[in-house]
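Here is a walk through a structure with two chains to keep track of. Have the sequence and the picture at hand, and let's see how the pieces fit together.

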Amino acid sequence: MAVASSGTAKVTLPTDEQILITREFDAPKHLVYRAYTTPELVKRWWSGKCGEMTSCEIDLRVGGTWRYVMVATGGFEVAFHGEYREIVPNERVITTEVYEGVPEEEAPEEDVVNIVTFTEADGRTTLRLLVQCPSREIRDTIIDSGMEVGMQEGMDLLEEVAISLQ
Amino acid sequence: MARAATTADAFNAVAEPRRRQILDVLAGGERPVNDLVRALGLAQPQVSKHLRVLREVGAVDVRDEGRQRLYRLNGHALKPIHDWVKGYERSWSERFDELDVVLANLKQKEQGDGGGK
């Protein structure tokens, strides 16, 4: 399906413990908010091109929890969960985020906190996702994980090319 | 491993908040050291110390003009950091490309329903 894309996500590192992801969408903010907080809709985009989302639970109230499970293209499962700390409909959502792949004894004492804000201008919405980490090490690990995903995709692509050459 | 932690790499150079502040100011264009002193509210020796670290990794270039030393940003030296972040950025870009599709769909539906909010 052809979509007028609003460009790529921009990632910056405002401080040693933060990651800021910014992206503009060609839609009003109440729709971006809906797509961000409704399980059936999240399921359609959250896994990107990395795999298939097999479970999406969202209990959208302060103190409620969320849990996302994805089966990546390579066949392995990744799961994240967290708790809603603040919800301002169409404006802002603050949640904690825990990656379930980390053994409990290695899990950081403090959670990673995601602060998502939606701002609208001329019918377009800028989404800002600020990932606030308890330490620089954790921040760096999160970015490294993206690199692994990127590499995995590279491998998949390589495989496709290899198959096409047969 | 994605990053090597030596004292003279770009990662270390930008690990210090004051040095990031210097890079931010220089992103706006070439500046004499006095401007940086003013912008950061630090004593000149401290600013000079940070500038030295940034120059060592090539993040900042300097040239003399008359009696002034002018500093400017050299973004190319920060490329290792950009490369490091790129994989992460790409996975979000792909995710948000899918979100574009969902949103186009929602917009269409809303218009079909009579455009009510």
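A residue counts as buried here if 20 or more other C-beta atoms lie within 10 Å of its own C-beta. Keep in mind that this is a predicted model. With that cut-off, the buried residues of helix α1(A) are A:Lys29, A:Leu31, A:Val32, A:Tyr33, A:Ala35 and A:Tyr36. What do they pack against? Within chain A their partners are β2, α2, β7 and β8, and from chain B α5 joins in.

**Chain A in outline**

Stepping back, chain A has three helices and eight strands. If you read along its sequence, the order is β-β-α-α-β-β-β-β-β-β-α. Of its 166 residues, 22% are buried. Take the contacts in chain A with a separation of 6 or more: 34% of them join residues 24 or more positions apart.

**Where the chains meet**

How many residues of chain A are in contact with chain B? The count is 32 residues of chain A, touching 26 residues of chain B. On the chain A side, β2, α1, α2 and α3 (136-165) each give two or more residues. The top contributor there is α3(A), with seven residues. Sorted by class, this side of chain A holds 18 nonpolar, eight polar and six charged residues.

**A core built from both chains**

The largest nonpolar core has 31 residues, and the members that touch the most others are A:Val32, A:Ala35, B:Leu99 and B:Leu103. Two of those names should ring a bell, as A:Val32 and A:Ala35 are among the buried residues of α1(A). Several elements supply at least two residues each: from chain A they are β2 (18-25), α1 (29-37), α2 (39-45), β4 (65-72), β7 (112-121) and β8 (124-132), and from chain B there is α5 (79-112). Which element gives the largest share of this core? That is α5(B), with seven residues.

For a closer look, pick B:Leu99. Leaving aside residues up to four places away in sequence, B:Leu99 touches A:Phe25, A:Ala35 and A:Trp45. Another core lies apart from the largest one; it has 15 residues, including B:Ala13, B:Val14, B:Val47 and B:Val60.

**Helix packing in chain B**

Now over to chain B, where α3(B) (residues 33-40) takes part in two helix pairs. Here they are side by side.

| Helix pair | Angle between axes | Axis distance |
|---|---|---|
| α2(B) (residues 17-27) and α3(B) (residues 33-40) | roughly 125° | within 10 Å |
| α3(B) and α4(B) (residues 44-56) | about 110° | 10 Å |

Start with the α2(B) and α3(B) pair, whose axes cross at roughly 125°. The two helices are therefore oblique to each other, and their crossing is right-handed. From α2(B), the contact uses B:Arg18, B:Gln21, B:Ile22 and B:Val25, while α3(B) brings B:Leu36, B:Ala39 and B:Leu40. By class, the residues of this contact are five nonpolar, one polar and one charged.

The other pair, α3(B) and α4(B), packs at about 110°, which makes α3(B) roughly perpendicular to α4(B). Here B:Val33, B:Leu36, B:Val37 and B:Leu40 of α3(B) meet B:Gln44, B:Val47 and B:Ser48 of α4(B). The class split for this contact is five nonpolar, two polar and no charged. Notice that B:Leu36 and B:Leu40 turn up in the contact with α2(B) and also in the contact with α4(B). And B:Val47, from the α4(B) side, is one of the residues in the 15-residue core.

Methods:
Residues are numbered from 1 along each chain as its sequence is written. Chains are lettered from A and ligands numbered from 1 in the order in which they are written. This is a predicted model: local features need pLDDT of at least 70, side-chain atom pairs count only at pLDDT 80 or more; totals for chains, interfaces and linings use all residues. A nonpolar core is a set of buried Ala, Val, Leu, Ile, Met, Phe, Trp, Tyr and Cys residues joined through C-beta atoms within 7 Å. A residue is buried if 20 or more other C-beta atoms lie within 10 Å of its own, exposed if 12 or fewer, and partly exposed in between; C-beta atoms are placed from the backbone. Helices (H or I, at least four residues) and strands (E, at least two) are DSSP runs, numbered from the N terminus. Two residues are in contact if their C-beta atoms, placed from the backbone, lie within 7 Å. Axes are lines fitted to C-alpha atoms, for helices over the stretch in contact, and angles run from 0 to 180 degrees between N-to-C directions. Angles under 35 degrees count as roughly parallel, over 145 as roughly antiparallel, 65 to 115 as roughly perpendicular and the rest as oblique. A crossing is left-handed if the near helix is turned anticlockwise from the far one by less than a right angle, and right-handed if clockwise. Ala, Val, Leu, Ile, Met, Phe, Trp, Tyr, Cys and Pro count as nonpolar, Asp, Glu, Lys and Arg as charged, and the others, Gly among them, as polar.
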